[in-house]
Amino acid sequence: MEPLHEKKLKHLEEVANRVREGIVDMLFEAGSGHSAGPLGMADIFTAMYFHVLNHDPKKPNWPERDRLVLSNGHICPVQYVAMAYAGYFPIDELSTLRKLNTRLQGHPHRGALPGIETTSGPLGSGLSQAIGMALASKLDKKKNRIYCMLSDGEHEEGNHWEAVMFAGKNKLSNLTAVIDRNNIQIDGDTESVMPLESLRDKYESFRWNVIDVDGHNIERFVDAVFEAKAIYERPTVIIAHTIPGKGVSFMEKDYKWHGKPPNKEEAREALSELRTLGRRIKSEHE
Amino acid sequence: MINPKAKLNPKLFDEDVEKFPIRNGFGEGILIAGETDSNVVVLCADLTESTRSDGFAKKFPERFFELGVAEQNMATVAAGLGVSGKIPYITSYATFSPGRNWEQIRTTIAYNDSNVKVAGHHAGISVGPDGATHQAVEDIATMRVMANMKVFVPCDSIEARKVTVASAKIWGPVYLRYAREGTPVVTTNESKFIPGKAEIFWESKKPQVVIIACGTLVHSALLAAKKLEKEKIGVIVVNNHTIKPLDEKTILDVVKKTGAVVTAEEHQVIGGLGGAISELLAKNMPTPQEFVGLQGVFGESGKPEELMEKYGMGVRDIISAVHKVIKRK
């Protein structure tokens, strides 16, 4: 991973905006799926697929590749769009999301689409699988890194804390977890459904290195990833504070958008807002 | 009479037949598998000695992972190892793994097609004094129903060693079921073991019934066959160590010969070996069948042999099932 220059940063921000457009498009087309989480993680997935990961979209099974494990599979639209734009599969295929015979399953399936490292959907099991990959890399003396993308809500699963404990014990410094800390889950705000704070204290007590970042500041996120690479003897967790539905004002910070797609009118409104960068420029589409 | 081609233990009907825990075969087999393939790794959840993983842990410490009492994590860490070129064996009591972590096995191992072997120990009610919480009697059903999963139930410690070694070379998710108690040694090193191939252990001249058994009940089925011979009732005894994929050809052949079936397993009569056989027969050759196994109840504490008698899985029960099914022909 090279340092992030200003020009590259600007490019990534533009890509992230296009990723958001792609998410709105595909969710409208699918007629079901999750909106808020994917939009909130667009900046981070863009940073991962276009800057952080050491990977080759044309060789998805390259053994030395970095692994990106998506634990909260329901935000896969953001991963699918980022992967398509990165060259894993044709962009046209995004419109097949959740339809019969698609490779883009409603929750991602490893066997269906090259580049998907593991099947996910049921929550709380992704970090363990990333740990398995990190152990395998250590046994094989590989230099690659394992990234695990997590939701905050899935921290209510027992399986997840079993994994946190185990990674700390085994000092898995080739593992970086990223939490989408958007404070929402299906039934409401995480802190009212089941309080998770202090996440930092919890991870630190399990012998993890903890970094808090603004999840929409790509530069700061990339810095955190660099820092994680420099920490030995501990796995790192990046707590990325994000705004659910980011970029579409009527979806932002509203848990009701966790698990539903936009209808035709909402999609048009959302795309218009994204294409005008929040009404700062005039859209050529209007 | 005993099928000579099966090369069974000549002492198997003796009072002093040697008995070894079936799980010992796992301990021996996993060492051989580990020596043969450096990708074999073992994961344990605080039961290293009683699952007989200690030998492997000692010999290959870098390939042994202690996860503590955390079966869900064990299954999912193994799933990650299994998609990264490793051949992980996850070991615990079958009530916990594949009991507690069933969904993790379903999603991250079976559906994910990860190369993980699930070793379920202390299966069946012959676990004994620990009681019903520790007696896995549903695991064949819950593993058999999963797509991509293969299911093996060895009948003694020798066969357990062979199936453990063989499983490392079978690509994909596999469930291996081991019993705790000393079990009479039925087979020998020379007995054939082919995954997916049921073996005829006993065949009378004029068989009227086929007894299809797996695990600890294979020996009991042979004892039953010997007693039935004195009553002039001829039977065939099949050791059906591979529950999935089922050896349909061998089973349909012997059922055709006899026209009546008794299945015998240390498991609920719903969904296990008996279920698998009846599904096959319903589709191909509807045949009267009696089911020896746990009849829809939980076990309890007690000595293994006491429990097997009380819960209807003794030699006597197999014999009465044979009588019953003959009347239904």
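These are my notes on a nonpolar core and an open sheet in a predicted model.

**Conventions.** I number residues from 1 along each chain as its sequence is written, and letter chains from A and number ligands from 1 in the order in which they are written. Local features need pLDDT of at least 70 and side-chain atom pairs count only at pLDDT 80 or more, while totals for chains, interfaces and linings use all residues.

**Core.** I looked up the largest nonpolar core (buried Ala, Val, Leu, Ile, Met, Phe, Trp, Tyr and Cys residues joined through C-beta atoms within 7 Å; buried means 20 or more other C-beta atoms within 10 Å of the residue's own, placed from the backbone). It has 185 residues, and Ile131(A) and Leu43(B) are among those that touch the most other members. Helix H1 (residues 6-30) of chain A gives the largest share, nine residues. I then listed contacts of Ile131(A) (C-beta atoms within 7 Å). Leaving out residues up to four places away in sequence, Ile131(A) touches residues including Phe166(A), Leu172(A), Val77(B) and Gly80(B).

**Sheet.** I traced an open sheet of five strands in chain B, ordered E9-E11-E10-E13-E14, with mixed pairing (at least two DSSP bridges between two strands). Helices (H or I, at least four residues) and strands (E, at least two) are DSSP runs, numbered from the N terminus. E9 (199-203) and E14 (289-294) of chain B each have a single partner strand, so one side of each lacks a neighbour in the sheet. Strands E10 (residues 207-213) and E13 (residues 261-268) of chain B run parallel over four bridges. Ala213(B) has Ala264(B) as its bridge partner in E13(B).

Key:
Buried ≥ 20, exposed ≤ 12 C-beta atoms within 10 Å, placed from the backbone. Contact = placed C-beta atoms within 7 Å.
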